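Hi,

Here is the structure I promised to pass on to you. Have it open while you read, and I'll walk you through what turned up.

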Amino acid sequence: MTTAVSAPGASLWLLYLLPWAAAPSKLNIPKVLLPFSRSARINFTLEASEGCYRWSSTRPEVASIDAIEQDNPQCSQKAIIQARSSQITRLTSIILAEDVLTGQVLRCDAIVDVIHTINIVSTTKELYLEDSPLQLKIQAKDSEGNTFSTLAGLPFEWTIVKTSETNEFSDFHNALQILKFSESTYIPPSYILEMEKVAKQGDIVLVSGMKTGSSKLKARIEETMYKHVPGAEVRLFILENIILNPAYDVYLLVGMSVQYKVMKIRRGKMTGMSFCPWIGKTEDEQK
């Protein structure tokens, strides 16, 4: 008669698997819309929340899928979708991910379509003179108004343009500067750095104000097949970075005064400009 002895390692392995059984894994996105391109390969990273998966594509000629190997060469938690369609029409491939342990199958639809319009998005239209730069990003849509999931790797041309309101192009051009991420203190996506190495611009740029005024920036898709797509424009305003000190609300009795100091900030340094006294008045006196 023999007594079965459970291995401690097996018990630990079962405990490790319990969370997967209790909470099914999920993908980071259910559908991906990728732009058609002849000059660039557009990638998007799929990631499962848990587990280790074998990845496949029902139409690899439309969108391929390649696992990102981590600890296990047979399966992975992440994979890269790449648009590979050679047809200028909307096509779809179904990406399947099968968990090698539980058999659970996850699905993502990868759609490849042509860009119809582009526009520039930003957090603000105002920059302060010689202060931190502003990041601008291209957003693209198809003919139905759907937004593309990524434009990573697609080359764009960004230019500062002259308008009818501008008399001197040189002054207008010097008001705004397009910066390279590699020469800044900011970290871009890795594909932007790779594009900068070969003197190309991507869907994300940095701009900095060099002179007060306004400037218009234009972006267009560099690829020849998209020459019919109108470029996107944005007008930016470059302002002096001026604050009042004290910068908080001040309440005064009638006849009392407070002295404000006008401060200018440039390149991270604050300098005083002038003093401005303010005397408390009644509502009738202010009229």
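Let's begin with a cysteine: Cys108 has a relative accessible area of 0%, so this residue is buried. Please keep in mind that the model is a predicted one.

Cys108 also turns up in the surroundings of Ser93. If you look past the residues within four places in sequence, Ser93 is in contact with Ser57, Thr58, Arg59, Val62, Ala63, Cys108, Asp109 and Ala110. You'll find Ser93 in strand S6, which covers residues 91-99. Is Ser93 buried or exposed? Its relative accessibility is 0%, so Ser93 counts as buried. One of its contacts deserves a closer look: the side chains of Ser93 and Ser57 are joined by a polar contact of 2.6 Å.

Now, the whole protein

Let's zoom out for a moment. The protein has 287 residues, and buried ones make up 36% of them. Its secondary structure comes to 4 helices and 18 strands. Among contacts with a separation of 6 or more, 61% are between residues 24 or more positions apart. As for the outside, the protein exposes about 17,600 Å², and carbon and sulfur atoms supply 53% of that.

The disulfide

Back to cysteines. A quick reminder: a disulfide is a covalent bond between the sulfur atoms of two cysteines. How many did a search of the whole structure find? It found 1 disulfide. The partners are Cys52 and Cys75, with their sulfur atoms 1.9 Å apart. Cys52 sits in the loop between S2 and strand S3 (53-57), while Cys75 sits in the loop between strand S4 (63-68) and strand S5 (78-83), so the pair ties together parts that are 23 residues apart in sequence. The torsion about the S-S bond of Cys52 and Cys75 is about 100 degrees, so this disulfide is right-handed.

Where do the two cysteines stand on burial? The cut-off you need here is that buried means under 20% relative accessible area. Cys52 has 17% relative accessibility, so Cys52 counts as buried. Cys75 is at 5%, so Cys75 counts as buried too.

A sheet to trace

Next, try following an open sheet of 4 strands, in the order S9-S15-S14-S11, with mixed pairing. Its edge strands are S9 (126-128) and S11 (156-161), each of which pairs on one side only. From one strand to the next, the twist averages 30 degrees. If you want a place to start, S9 and strand S15 (residues 232-239) run parallel and are joined by 3 bridges. There you can pick out Tyr128, which stands opposite Leu239 in S15.

Three more residues to click on

Arg41 is in the loop between strand S1 (31-35) and strand S2 (43-47). With 44% relative accessibility, it counts as partly exposed. Which residues does Arg41 touch, not counting those up to four places away in sequence? They are Gln82, Ala83, Arg84 and Ala152. With Ala83, the side chain of Arg41 reaches the backbone oxygen at 3.4 Å. Ala152 shows how the chain can bring distant positions together: Arg41 and Ala152 are 111 residues apart in sequence, but 8.6 Å apart in space, C-alpha to C-alpha.

Leu206 is in strand S13. At 3% relative accessibility, Leu206 counts as buried. Again leaving out residues up to four places away in sequence, Leu206 touches Pro133, Leu134, Gln135, Gln177, Ile178, Leu179, Phe181, Ser184 and Tyr186. Take Leu134 from that list: Leu206 and Leu134 are 72 residues apart in sequence and 5.5 Å apart in space, going from C-alpha to C-alpha.

Last up is Ala199, in the loop between helix H3 (190-197) and strand S13 (204-209). Most residues other than glycine have a negative phi. Ala199 isn't a glycine, yet it has a positive phi of about 60 degrees. Ala199 has a relative accessible area of 72%, so it is exposed.

That's the tour. Have fun clicking through it!

Cheers

Definitions and conventions
Residues numbered from 1 in each chain as written. Predicted model: local features only at pLDDT ≥ 70, side-chain atom pairs only at ≥ 80, totals over all residues. Heavy atoms only, no water. Helix = DSSP H or I, 4+ residues; strand = E, 2+ residues; numbered from the N terminus. Buried < 20%, exposed > 50% of the residue type's maximum accessible area, 1.4 Å probe, protein only. Polar contact = N/O pair within 3.5 Å; in protein donor to acceptor, adjacent residues only side chain to side chain. Contact = heavy atoms within 4.5 Å. Areas by Shrake-Rupley, 256 points an atom, 1.4 Å probe, with all protein chains shown as cover. Pairing = 2+ DSSP bridges. Axes fitted to C-alpha atoms, helices over the stretch in contact; angles between N-to-C directions. Disulfide = S-S within 2.5 Å.
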